Amino acid sequence: MSNSAVIQRVFSVLEAVAATGSASAKTVSDRLEIPLPTVYRLLHELETGGYLVYLKDPKRFELGPKCFELGLSFQQRLVAPFPIRQITDQLHRTLGTAAYFAIYRGSDIILTYCSDCEKHPRLRPLRFGFHEAAHATAFGKILLAAMPATQRTDYLEARGMTVLTPQTIINRDHLDDHLTEVALRGIAWEHDEFLPRQTCAAVPVRNGTGVQVGAIAVSTPSTKAHGRMKEIESTLREHAGLASSYLRGGAELIPTAAPER
């Protein structure tokens, strides 16, 4: 077996344990269709390295401290700066919607902050680090629209265009036409494409050289978005401007607090 195949098998074992929180060697062997002796060897090597811990009583493996250290390091590198979080929180309160901030990171589009509350909850698949379904999310579309054609093609071919609802755009030509409009208007809307009965909108955020580096977005039930599209767009653009101003010069330009809707 090649070195790359061995490495892939190690990661598969680790992911199989993480998928359920804990797992026995037999469970991992059955799920991955890898011989049990091989699974035992890989599990114990991961345990030795601190990536897994073995619980003797239930005879199961769980993620170890090294995984949590890696996760913490990942989060610290990606978490949005405090002023950006303030601006996103203010957007949430001003519009009475959930609000989000996403960035480019390498070849990925990653959600780095969500602002919501019990009254205005986020779309539950969305969480810190979310990087799927860019073709069906408003913040994903904003960032896809700014990509050169070859980069966009590479991105979509690597990740696919999963059907999430009957409204999801999965035809590449139709998506490209839609993204051309997004780029021209500087705002992306999605109506029931990511989740049924939900509307989302996003606008770009730019750094000091004018390069688009992220997007700020909102989501709300489609019934509550009706008749508010101009208000949502203007408020989004205002807060994107504040975020861009911060990225240009580091000034904490936070709008006056508005009462929560």
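Which helices and strands do the buried residues of H10 pack against? Before selecting them, note that this is a predicted model, in which local features need pLDDT of at least 70 and side-chain atom pairs count only at pLDDT 80 or more, while totals for chains, interfaces and linings use all residues. Residues are numbered from 1 along each chain as its sequence is written, and side-chain values use heavy atoms, without hydrogens and water.

**Helix H10.** Select residues 229-249, which form H10; helices (H or I, at least four residues) and strands (E, at least two) are DSSP runs, numbered from the N terminus. Among its buried residues (under 20% relative accessible area, 1.4 Å probe, protein chains only) are Ile-232, Leu-236, His-239 and Tyr-246. The buried residues of H10 pack against helices H5 (82-95) and H9 (222-225) and strands S6 (188-191), S7 (198-206) and S8 (212-221), contact meaning heavy atoms within 4.5 Å.

**The sheet.** Next, display the open sheet of 5 strands, ordered S5-S4-S8-S7-S6 with antiparallel pairing; two strands pair if DSSP finds at least two bridges between them. S5 (108-115) and S6 stand at the edges with a single partner strand each, so one side of each has no neighbour in the sheet. Zoom in on S4 (residues 98-105), which 7 bridges join to S5. Here Tyr-104 stands opposite Ile-109 in S5.

**Arg-152.** Finally, select Arg-152 in helix H7 (residues 149-159). Arg-152 is buried, with a relative accessible area of 10%. Its side chain reaches the backbone oxygen of Leu-144 at 3.2 Å. Not counting residues up to four places away in sequence, Arg-152 also touches residues including Arg-172, Asp-176 and Leu-179.

Note on methods:
The expected span of a helix is 1.5 Å times one less than its number of residues. Buried means under 20% relative accessible area, exposed over 50%, partly exposed in between (1.4 Å probe, protein chains only). A polar contact is a pair of N or O atoms within 3.5 Å; within protein, one must be able to donate a hydrogen and the other to accept it, and residues adjacent in sequence count only if both atoms are side-chain atoms.
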